[in-house]
Amino acid sequence: MKLKEGVIIIISLLALYACSTTKNLPDGQVLYTGQKKMTVENRSKSRVGESAMSEVEDALGKAPNNSLFGSSTMRIPFPLGLWIYNAYVNSDSKFGQWIFRKFAATPVFISTVNPGLREKAATNILHDYGFFNGTVNYDIIPNEKNEKKAKIQFHVDMKNAYFLDSIEYRRFSPELMNIINRSETRSSLHKGDQFNVIALEEERQRLSTIFRNVGFYYFRPDFIGYRADTTRISGLVDLQVIPKAGIPSNAMKRWFIGDISVDLLGRFGEAPNDSMMYDDLKIRYYNKPEVRPKVLKKRFRFEPGQRYSQRRSSLTQQKFAELGIFRYTEMQFLPRDTTPENNILDVTVRSALDLPYNSELEFNIAAKSNDYAGPGAAYSVTRRNMFRGGETFTIGIKGSYEWQTKDPPGGSAGKINSWEIGLNSSLTIPRIVFPGFNKKEFDFPATTTFSLNIDQLNRAHFFKMLSFGGEATYSFQPSSVSRHTITPLKLTFSTLQSTTAEFDSIMEYNEPLKKSMDNQFIPAMSYTYTYDNASNRRKRNHFWWQTSFTSAGNITSGIYALFGKGFNEEKKLFNSIMAQFLKLTSEVRYTWRIDRNQSIATRFMGGAVYGYGSNKVVPYREQFFIGGANSIRAFTVRSIGPGSYIPDPDDRYGYLDQTGELKFEANVEYRFRIIKNLHGAIFVDAGNVWLLRDNEQLPGGKFTLKGLGSNIALGTGAGLRYDLNYLIIRLDCGVGIHAPYDTGKSGYYNIPKFSDGLGLHFAVGYPF
C-alpha cells in the first residue's frame, strides 16, 4: 500500500469516531447492545441447581458487537466495526467497498438474538433438572437516546425443585430383571435425589453397559425409557424405568465370540496382501508382519467361544492402543450369518500402523535471577516399534549457553560465559520386563523404561562437571486414579573435572557446601505413588496426592560390607564418593469447586532428606529450595532459607547456600472468572527450607520448634490467567508479608519497603 493511501485510510478511520452505529441499519431492525445483568429468584445452591444455572446462562448468553472477551454484558467503548459498517455499507466506490470488506462488522440485531427462542430453551433446561415450575422471561430495554438500540434482560425464577420418591423397573424380561436386581446398589437413581436428566442418562448408560457385559451386544441406551408422575404429591416424582417398544430381537439375546482376526494396514493405509495363522488368530498384513504375532495375541482379552463382553472388548482396544504404534484401531463384530438362530459374532481388529519416526525440536531463552541469560535447545528422535513389540526408543540431545548480563566484580575481567550439553536415551517397553513377570499380562497399563544420560556442564571461572547415569523404571496404573512408579535401580555419577581458584575459595569458606559438590556416586531406588481423581466425572472436587520415597546407597553398602568394608567407611567408585541418604516427599492438592466460575485451590507439600554413612552431606542436586513462580511468589528462587539464614548482601554466590534438607510449603489460591477466558486469582503462600544438622556457616539454618512461626516466609498477591484452551498464560504479582530472616525492621510485617517485597512472575500453566 502506498503512503498516500495509508494516510487516507488513517484519516478516514479517525473520522469514524463521530459516526453513528445505527444510521444505515436495515429498516425494522434494532441493534442489540448486550444484556443487563440477569435476575435470578429462588436460586438453588445445590450441585444440580448450579449445573442447571450454568446451562441456562449458556443458553441465554449472546455477545453483542465489540464485546469484551465475548461477554454478554460488557463492551469495548469504541465500536470501530459498526462505525465502518454504517459509513460504508452503501458505498459505491472501490475504496469504500474494500474498507467495508476488510473492517466492517456485521451488526447483531435483537431479531438475531431471538430472545423468545432462548427463553424457551432455558425453560426446558430448568425442567430437565427438576425445576418443573421454573420460569424464564425477558424484557427488551430500549436505549433512551436512540430507539434503534436496545438491551435484553432475562429473568429466571427457579422456584421449587422436584425430588425422586419411588423408583420402579418394569416390563423387562425375567433375565434382564435378574441382572438389574443384582446391580441395584450401583444405580444412578436414588430416592430423595433431585430429579435431573443427567442422572436419567447415566442410568440408561449403566443398564446398557451391564447388559452388554453379559452378552447383549446389540443393546443400546436409547432402548430404555422413563415414565414420570408428578401429580401424586407436589414436589415428588414417581419414576418408572421401562424398555421402549419395538426393541430389535437381536438386542434381546446373548452373543458369543466366533473367529478372531487382525488386519494390519500399511503405514500409508495399504490393504493387507498376505496372511498367516498364529494359534487361533488369523493375521492379515501388508508385505510383512510389522508386529510379532505373539504380541498381537496377548492384546486380546477374549477368545473364541466366550460370551461377548463390552468390558473385555474395551480392554482389548485399550491394549492395542497401549502399544503406541498405530494411528487408529477399530473393532468390528459381525454376525456369522443372518439366520434367527445365529448368536455368533466374528471379530476383526483393523489397525493402521503409524509412521516409524517422530522428532521434536524445542528452543528457549532463559533469564535468571543470578544475572545469567542465554538460549537453549533440545532435539529428540523417537523410533516406534523398535523390536516389533511396541517398544519405543528415544535419543535426544540438549544444549544451552549463558552469559552474565552484568559485569563481574572488578569490571574489566570479562563476563562469565557458561555452557551445558547433554545426551540422553530411553527404551520404553509396553510390558513388565522382570524375572517372573515376563509372561504376566495386566489388564491395566504397565510399562518398563530403561534410560541412560550423560551431561557436561561448564561454569566458566568456576568448574567443569561431568554427570552420567542410568535407571530402570516400572510404571503400573491399576485404575484410572492410581499410578505406581518403581525404580529399583538408578545410578548417577557426578565428578568435578576441574575447578578454579575462585571456586575453591568459595568452597573453602563453606565445608558442607563443598562436600555436597564433591564427586558423587549415587546408587538409589525409589517408589512413587500418585492418586488423581480428575478422570472421575462424579467427583465435584479435584484431589491429587503424590508421595515418593528414595533410598540411596543402602544395598550397595550391604554389598561392600560382605567384602569387609564397614558401613560408615568411605566408599568410592570411579573416584566418586558413594552417597547414602533417605528422602521422602509428599504433596497434596485439593480444589474446591464453588461453581463453574469460582474455585479454591490448595496445596500442602513437605519433604525431608537425611544423609548418613561416611558422607553425611546430601548431594546438592537432592537438596530442597523454595521460592519462584510456582512456589512462594513474593520471593525469587533460592532467596529464602535455610531457616532464618540470610547471606551477606555483598556475596554474589550466596544463593548457592540457600538449600535445605527439610521443606514445608503451603499455598491457598482463590480462582475466579473475570470475563470469558480471562481469569483472576488471589493467593497466599507460606513455607521455608531448613537443615537437619548444625552448620556454622549457615547460622539459624537448623530446624527447631522454637520460633518456628517466625521462620515461615509468608506472601500474598494476585494474578491474571488467560485460558487458550490448550495453554494457560499466567501473570502473578506476589507481595511479601513476612521474611524469615532479620531485615532490620521489627514486627511481623518486616519488609523494609513495599517495593522490596514485590515479585512479578510471567509463566505458563497453573502454579499447582
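## Helix H7 and its two faces

The buried residues of helix H7 pack against S5 and H8. Since we are looking at a predicted model, please read everything below in that light. H7 spans residues 174-182, and its buried residues are Leu176, Met177, Ile179 and Ile180. Seen down the helix axis, these buried residues fall within an arc of 160°, so they line one face of H7. On the other side of H7 sit Pro174 and Arg182, both exposed.

A little background helps here. An α-helix has 3.6 residues a turn, so residues three or four places apart point the same way.

## The sheet beside it

Strand S5, one of the packing partners of H7, belongs to an open sheet of 3 strands in the order S5-S7-S6, with mixed pairing. Its edge strands are S5 (163-169) and S6 (224-229), each of which pairs on one side only. From one strand to the next, the twist averages 25°.

How many bridges join S5 to S7? There are 6, and the two strands run parallel, with S7 covering residues 236-243. To pick out one pair, Ser166 has Asp238 in S7 as its bridge partner.

The other packing partner of H7 is H8. Helix H8 covers residues 197-213 and lies across S5, S6 and S7, running at about 140° to S6.

## Two nonpolar cores

In soluble globular proteins, nonpolar side chains tend to be buried together. Here, the largest nonpolar core has 52 residues, and Phe211 and Phe333 are those with the most contacts inside it. Which element gives this core its largest share? That is H8, with 5 residues.

Leaving aside residues up to four places away in sequence, Phe211 touches Phe172, Leu176, Ile179, Ile180, Phe216 and Phe219. Three of these names should look familiar: Leu176, Ile179 and Ile180 are among the buried residues of H7.

Apart from the largest core lies another, of 22 residues, with Val113, Phe131, Phe154 and Met158 among them.

## A buried serine

Where is Ser44 found? Ser44 belongs to the loop between strand S2 (39-41) and helix H2 (47-60). With a relative accessible area of 14%, Ser44 counts as buried, because the cut-off for that label is under 20%.

Two kinds of contact are worth a look. The side chains of Ser44 and Ser46 are joined by a polar contact of 2.9 Å. Not counting residues up to four places away in sequence, Ser44 also touches Gly49, Glu50, Phe131 and Met158. Phe131 and Met158 are both in the core of 22 residues.

Notes:
Residues are numbered from 1 along each chain as its sequence is written. This is a predicted model: local features need pLDDT of at least 70, side-chain atom pairs count only at pLDDT 80 or more; totals for chains, interfaces and linings use all residues. Side-chain values use heavy atoms; hydrogens and water are left out. Two strands pair if DSSP finds at least two bridges between them. Helices (H or I, at least four residues) and strands (E, at least two) are DSSP runs, numbered from the N terminus. Axes are lines fitted to C-alpha atoms, for helices over the stretch in contact, and angles run from 0 to 180 degrees between N-to-C directions. Contact means heavy atoms within 4.5 Å. Buried means under 20% relative accessible area, exposed over 50%, partly exposed in between (1.4 Å probe, protein chains only). A polar contact is a pair of N or O atoms within 3.5 Å; within protein, one must be able to donate a hydrogen and the other to accept it, and residues adjacent in sequence count only if both atoms are side-chain atoms. The arc is that of the directions from the helix axis to the C-beta atoms. A nonpolar core is a set of buried Ala, Val, Leu, Ile, Met, Phe, Trp, Tyr and Cys residues joined through side-chain atoms within 4.5 Å.
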